[in-house]
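Here are a few exercises to work through with the model open beside you. Take them in order, and try each task before you read its solution.

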Amino acid sequence: MILEKIAKLLEEVKNMDACNADEIEALRLKYVSKKGEITALMADFRDVPAEQKKEVGMKINELKQTALARLNELKEKTETEEGDDASIDLTRTPYPVKLGTRHPLTIVTNEIIDIFSRMGFVLADGPEVEDDLHVFTKMNFAADHPARDMQDTFFVEQSRLGDVTKNILLRSHTSSVQARVMETTQPPIRIICPGRVYRNEAITARAHCFFHQVEGLYIDKNVSFTDLKQVLLSFAREMFGADTKIRLRPSYFPFTEPSAEMDISCHICGGKGCGFCKHTGWVEILGCGMVDPNVLEQCGIDSKVYTGYAFGMGVERITNLKYRVSDLRMFSENDTRFLKEFEAAN
């Protein structure tokens, strides 16, 4: 049983010990590398019954965090012991070495992942250099959709295999990760997909040619819009405070039907209206909807048996709401004065 396997691994990682850097690296490769024991649990996770996925997902996250914490402890211990015996490094600067901090986008991304992980969502990843099939076709984009134009998308190359033309591009959304998971995994599927995306836009204080998204997908039998609304309400209250309210407005996305955009009550003015929310009391944070049956069928999932919902949000947008960063360019300029402001958030 997977829970017993997790419990056994948890006991092993708690008792890990090492005397030098080589032994620590061996433990890292054994447990937390891409081919390690913990990563291998993800393959077993697909077979876990839907009602147990939340519990098992939380246990796997706990196991991974425990392993990483123990490896860090061993690393600090061996470095201290080696430092006691080492001779003085005459090349070392006499000035104090300042410690770095996590980037604000990393802080917010980790917080988003943590919230959805506690709801049973599992991390999924995919390539940034993608093909037209997974970015557009399997996401129900029409052949003449504007997003396929050079004005909106960074195309890398175009190749032909017989009569088939294959466009290679920088992904414009992380929905391509959803497509790859759906075509290789049968439901139930509950994933969260963070990553960098690219769009051919002029760089200004409010827009950039690359930014970061977090998308979520849940597919199973009898999934409804009510399920989606409850998950998003829980997320909003976890991220912005227990008094946060949400509202869903009808919208359109090629890959969802029905589609909606979600606003939260402005946490700066409490919904009364201010300059930040343009005196409406509401701020838009994400798009969402029920997965279009065409998307399910394109990815090999029977839309007559399964339904699902999807949502996506910009990490920069959420970061702006939490920390009120007025210029998007500051996130990629590596100005240490700006990054230093987030020391307390680490």
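**Surface and core**

*Exercise 1. Find how much accessible surface the protein chain has, and what share belongs to carbon and sulfur atoms.*

Solution. In this predicted model, the protein chain has an accessible surface of about 19400 Å². Carbon and sulfur atoms account for 50% of that surface. Now turn to the inside: of the 346 residues, 44% are buried, where buried means under 20% relative accessible area.

**Overall fold**

*Exercise 2. Decide whether the radius of gyration agrees or disagrees with that of a compact globule.*

Solution. Start with the expectation: for 346 residues, a compact globule would have a radius of gyration near 20 Å. The protein chain has 23 Å, so the two agree. Next, look at the extent: the C-alpha trace spans about 65 × 50 × 50 Å along its principal axes. Then count the elements: the chain holds 11 helices and 10 strands. Finally, consider contacts between residues at least 6 apart in sequence: 66% of them join residues at least 24 apart.

**Empty space inside**

*Exercise 3. Work out how many cavities of 30 Å³ or more there are, and which classes of residue line the largest cavity.*

Solution. Rolling a probe the size of a water molecule over the atoms shows where empty space is left. The count here is 1 cavity of 30 Å³ or more. The largest cavity holds about 40 Å³ of space. Its lining consists of M139, Q178, M182, L217, F255, T256, V291, V295 and A310. Sorted by class, the lining of the largest cavity has 7 nonpolar and 2 polar residues, with no charged ones.

Conventions
Residues are numbered from 1 along each chain as its sequence is written. This is a predicted model: local features need pLDDT of at least 70, side-chain atom pairs count only at pLDDT 80 or more; totals for chains, interfaces and linings use all residues. Side-chain values use heavy atoms; hydrogens and water are left out. On a 1 Å grid over the protein atoms alone, a cavity is a set of points where a 1.4 Å probe fits but cannot get out, and a pocket is an open set with protein on both sides within 12 Å along at least five of seven lines; lining residues have an atom within 4 Å of a point. Grid points are joined across faces, edges and corners, and a volume is the space filled by probe spheres set on the points. Ala, Val, Leu, Ile, Met, Phe, Trp, Tyr, Cys and Pro count as nonpolar, Asp, Glu, Lys and Arg as charged, and the others, Gly among them, as polar. Helices (H or I, at least four residues) and strands (E, at least two) are DSSP runs, numbered from the N terminus. The radius of gyration is taken over C-alpha atoms; the globule rule is 2.2 Å times the number of residues to the power 0.38. Buried means under 20% relative accessible area, exposed over 50%, partly exposed in between (1.4 Å probe, protein chains only). Contact means heavy atoms within 4.5 Å. Accessible areas come from the Shrake-Rupley method with a 1.4 Å probe; for residues, only the protein chains shown count as cover.
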